[in-house]
2 protein chains.
Amino acid sequence: MTNFIILTYIFLDTMQITLAGEYALRAMIFLSSQGVGVKCTIIDISKAKRIPEMFLRKIIPLLCKSGLIISKKGKSGGIFLARDPNKITPLDILEAVDGPIYLTKCINDKNFCQEVEWCSVHSIWNEILVEMRNKLSQKSIVQIAVESEKRKLLHINKLNS
Amino acid sequence: MTNFIILTYIFLDTMQITLAGEYALRAMIFLSSQGVGVKCTIIDISKAKRIPEMFLRKIIPLLCKSGLIISKKGKSGGIFLARDPNKITPLDILEAVDGPIYLTKCINDKNFCQEVEWCSVHSIWNEILVEMRNKLSQKSIVQIAVESEKRKLLHINKLNS
DNA sequence: GTTAATATGACAAATTTTATCATATTAACA
DNA sequence: TGTTAATATGATAAAATTTGTCATATTAAC
């Protein structure tokens, strides 16, 4: 007997960054701020980063499938980073959850636009996409976590002074 | 008696480029390829650019309200460009239809994210947005129409040779 | 007044996103 | 071996957004 597993849940044809993607970013930044190999539960993360728990439970397996985190079932189970977060970028995370990002039907759906070959708007969209993917993969989530922490302290100091 | 007119139709809080936006681009590029002041009907445009007529009828008024085109009702009415298409960019058109573009809830919804002040992901989104708006306003729709036409000819020549 | 065009508002359909729940699975440990 | 505490999965619901249609109103030319 053969089993066909159809993986369509959440991982759809998104043109945009979804909430799920943003939650995943938060979750991963949290994990990397905890340190490599430190195990957390989904509840920990959802509380710390204000992510609806049940929704996070749908997102976590996607991060597992992409090899960004490892999850352990069972008592004393949990979630931890699968690899060096210095080498994980926001792009990795967003694509794990939202699938390949793109911006318009135009550059993604061959049936939608019959002028792909020459239409000059396509080049603009493609350039934007390249630039977007660049920026989303320039910093690791560690850098982001560290920078954010610094700014947070500055911010708090400013409030107190 | 006071009338409150609520303008929410289509013009919503979009994070993405909608189909409506892409159709609007097509329509405007068509108009600019026809020449300034040349009147077209909605049916002309919908046929030429394969846009569902009734949907286009919802989009056209948005382009009017933004002052990109002028529409005339009545017999021998129609649509024509309101200003020099050399000074109209894709950004003008997309924002006329989709409203201000942005990418994530994160940088747009104060309630969604309480870490706006310091979170380093925000800066990335903002940079991407700036870059995106830049690219979408670098070329006029005339330039785009001309470039596309050139490429189209090249493409046809290649097929025939 | 007839005709031919756009405008508007109500609404319907489709799609996508967000969210929840019940159940299954897994592993530690007493 | 059973209990407990964690994640995984699949069904489904709810909400939001986008796409599309229709009937009616408005407008202007002739």
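Colleague: How much area do chain B and chain A bury between them?
Modeller: About 3,900 Å², with 63% of it on carbon and sulfur atoms. Bear in mind that this is a predicted model.

Colleague: And how many residues does the contact take from each chain?
Modeller: 41 residues come from chain B and 41 residues from chain A.

Colleague: How many salt bridges are there across the interface of chain B and chain A?
Modeller: The rule finds 2. One of them joins the side chains of A:Glu127 and B:Lys135, at 3.7 Å from N to O.

Colleague: How many residue pairs are in polar contact across the interface of chain B and chain A?
Modeller: There are 6 such pairs, with both residues at pLDDT 80 or more.

Colleague: Which elements give two or more residues to the side of chain B that touches chain A?
Modeller: α1, α5 and α6 (141–160) of chain B. The largest share of that side comes from α5(B), with 10 residues.

Colleague: How do the residues on that side of chain B divide into nonpolar, polar and charged?
Modeller: On the side of chain B that touches chain A, 20 are nonpolar, 14 are charged and 7 are polar.

Colleague: Switching to helix α4 of chain A. Is it largely enclosed or not, and why?
Modeller: It spans residues 90–98, and 7 of its 9 residues are buried, so the rest of the structure largely encloses it.

Colleague: Which residues of α4(A) are buried?
Modeller: A:Pro90, A:Leu91, A:Ile93, A:Leu94, A:Ala96, A:Val97 and A:Asp98.

Colleague: What do they pack against?
Modeller: Within chain A, the buried residues of α4(A) pack against α1 (19–34), α3 (53–65), α5 (120–135) and α6 (141–160). From chain B, α5 (120–135) joins that list.

Colleague: What comes just after α4(A)?
Modeller: A:Gly99, which takes a positive phi of about 80 degrees.

Colleague: Aromatics next. How many aromatic pairs are there over all chains?
Modeller: A search of the whole structure finds 2. In one of them, the rings of A:Tyr23 and A:Phe55 have their centres 5.7 Å apart and their planes at 85 degrees, so that pair is edge-to-face.

Colleague: Where do A:Tyr23 and A:Phe55 sit in the chain?
Modeller: A:Tyr23 is in helix α1 of chain A and A:Phe55 in helix α3 of chain A. They are 32 residues apart, so the pair links distant parts of the chain.

Colleague: Is A:Tyr23 buried or exposed?
Modeller: A:Tyr23 is buried, with a relative accessible area of 7%. A:Phe55 is partly exposed, at 29%.

Colleague: What about the rings of B:Tyr23 and B:Phe55?
Modeller: Their centres are 5.8 Å apart and their planes at 85 degrees, so this pair is edge-to-face. B:Tyr23 lies in helix α1 (residues 19–34) of chain B and B:Phe55 in helix α3 (residues 53–65) of chain B, so the pair ties together parts 32 residues apart in sequence.

Colleague: And how do B:Tyr23 and B:Phe55 count, buried or exposed?
Modeller: B:Tyr23 counts as buried at 8% relative accessibility, and B:Phe55 as partly exposed at 29%.

Colleague: Last one. Where is A:Ile17 found?
Modeller: In the segment before α1 of chain A. A:Ile17 counts as buried, at 2% relative accessibility.

Colleague: What separates the C-alpha atoms of A:Ile17 and A:Tyr102?
Modeller: 9.2 Å, with the two residues 85 apart along the chain.

Methods
Residues are numbered from 1 along each chain as its sequence is written. Chains are lettered from A and ligands numbered from 1 in the order in which they are written. This is a predicted model: local features need pLDDT of at least 70, side-chain atom pairs count only at pLDDT 80 or more; totals for chains, interfaces and linings use all residues. Side-chain values use heavy atoms; hydrogens and water are left out. Buried means under 20% relative accessible area, exposed over 50%, partly exposed in between (1.4 Å probe, protein chains only). Helices (H or I, at least four residues) and strands (E, at least two) are DSSP runs, numbered from the N terminus. Contact means heavy atoms within 4.5 Å. Rings of Phe, Tyr and Trp (its six-membered ring) pair if their centres lie within 6.5 Å; planes under 30 degrees apart count as stacked, over 60 as edge-to-face and the rest as tilted. Buried area is the accessible area (1.4 Å probe) that two parts lose on being put together, summed over both. A salt bridge is a side-chain nitrogen of Lys or Arg within 4 Å of a carboxyl oxygen of Asp or Glu. A polar contact is a pair of N or O atoms within 3.5 Å; within protein, one must be able to donate a hydrogen and the other to accept it, and residues adjacent in sequence count only if both atoms are side-chain atoms. Ala, Val, Leu, Ile, Met, Phe, Trp, Tyr, Cys and Pro count as nonpolar, Asp, Glu, Lys and Arg as charged, and the others, Gly among them, as polar.
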